[in-house]
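User: I've just opened this model and would like a close look at one part of it. Please begin with the whole chain and then zoom in on the metal.

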Amino acid sequence: MRIASITAAFGLVAMVACAPAPETAESSVTASGAFVVKPAPGRDVAGGGLTLTVTGEPMSLVGAETDIADTVELHTMSMDDGVMRMRKVDQMDVTEDAPLELKSGGNHLMLFGVSPDIEIGETAELVLTLTDADGTESTLTTQAEIRGLGD
Ligand SMILES: [Cu+2]
């Protein structure tokens, strides 16, 4: 399987004002199983994933950031003329009926400028930015496990 190169936008991750946990009367969102795959030696790009579930109104994941990487992008993965292609997207939706699953080989998180000092087995804080149907932003912090390739 060949992974076509992408044109990544190395833009600044928008800074988001501190907001209370994304739990309102209408909905609450939970992150679980977050991970980052430690890059091979000499590389600083990493894939990652997590599962987001929501109770109540739909939410959208619109960004993520972490201390161990310069930027984190949301990438979709799709088959295009027999070639797997990654695309950066601005948001991914999560509903009660359709949890958002980001994982290796599927839609995923992509980290750029990953610190070479991360160690397999450690955890890194991942701060997710979400919006509700009204466009109100909130953040959700979760711990991502650093994994080795193929783990
Ligand atoms: Cu990617």
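How much of the protein chain counts as buried? After that, which residues coordinate the copper ion, and what surrounds them?

Analyst: Quick warning before we dive in: this is a predicted model, where local features need pLDDT of at least 70 and side-chain atom pairs count only at pLDDT 80 or more, while totals for chains, interfaces and linings use all residues. Residues are numbered from 1 along each chain as its sequence is written, and side-chain values use heavy atoms, with hydrogens and water left out.

Now your first question. Of the 151 residues in the protein chain, 40% count as buried (under 20% relative accessible area with a 1.4 Å probe, protein chains only; exposed is over 50%, and partly exposed is in between). The chain has 10 strands and 0 helices, so in DSSP terms it has only runs of E, at least two residues each (a helix would be H or I, at least four), numbered from the N terminus. Written along the sequence, the pattern reads β-β-β-β-β-β-β-β-β-β.

Next, the metal. The copper ion is held by two histidines and two methionines: His75 through ND1, Met86 through SD, His108 through NE2 and Met110 through SD, at 2.0 to 2.3 Å. Donors here are N, O and S atoms within 2.8 Å of the metal. The angles among the 4 donor atoms run from 92 to 120°, and the site is tetrahedral (all angles between 85 and 135 degrees). For reference, the ideal angle for four tetrahedral donors is 109.5 degrees. Follow the donors along the chain and you get the spacing H-x10-M-x21-H-x1-M. The pair His75 and Met110 links distant parts of the chain: His75 sits in strand E4 (residues 71–80), Met110 in strand E8, and they are 35 residues apart. Both His75 and Met110 are buried.

How do the strands around the copper fit together? E4 and E8 pair in the antiparallel sense over 5 bridges (two strands pair if DSSP finds at least two bridges between them). In one of those pairings, Thr71 has Phe112 of E8 as its bridge partner. E4 also has a neighbour in strand E5 (residues 83–89): 7 bridges join the two, again antiparallel. There, the copper ligand Met86 of E5 stands opposite Met77.

E4 and E5 form a hairpin with 2 residues between them. Look for Asp81 in the loop between these strands. Asp81 has a positive phi of about 55° although it is not a glycine. Asp81 is exposed, because its relative accessible area is 79%. You can set that beside the buried ligands His75 and Met110.

Met110 also leads us to the largest pocket, which holds about 630 Å³ of space. Of the 24 residues that line this pocket, the closest to its centre are Val45, Ala46, Gly47, Met110 and Leu149. A pocket is an open set of points on a 1 Å grid where a 1.4 Å probe fits, with protein on both sides within 12 Å along at least five of seven lines, and lining residues have an atom within 4 Å of a point. Strands E1 (27–37), E2 (45–56) and E8 (108–112) each give two or more residues to the lining. E2 supplies the largest share, 4 residues.

Let's follow E1 away from the pocket. Val29 is in this strand, and Val29 is buried because its relative accessible area is 9%. Its C-alpha is 7.9 Å from that of Met59, although the two are 30 residues apart along the chain. E1 pairs with strand E10 (residues 137–147) in the parallel sense over 3 bridges, and Phe35 stands opposite Glu145 of E10.

On E10 you also meet strand E9 (residues 123–132), joined to E10 by 9 bridges and running antiparallel. Leu130 stands opposite Ser138 in that pairing. The hairpin of E9 and E10 has 4 residues between the strands, and Gly135 takes a positive phi near 90° there.

One last stop is Ala98, in the loop between strand E6 (92–94) and strand E7 (100–102). With 39% relative accessibility, Ala98 counts as partly exposed. Its C-alpha lies 9.3 Å from that of Leu52, with their positions 46 residues apart in sequence.

Key:
Points joined across faces, edges and corners; volume = space filled by probe spheres on them. Donors = N, O, S within 2.8 Å, 3.2 Å for Na, K, Ca; no water. Tetrahedral: all angles 85-135°; square planar, octahedral: opposite > 155°, others 65-115°.
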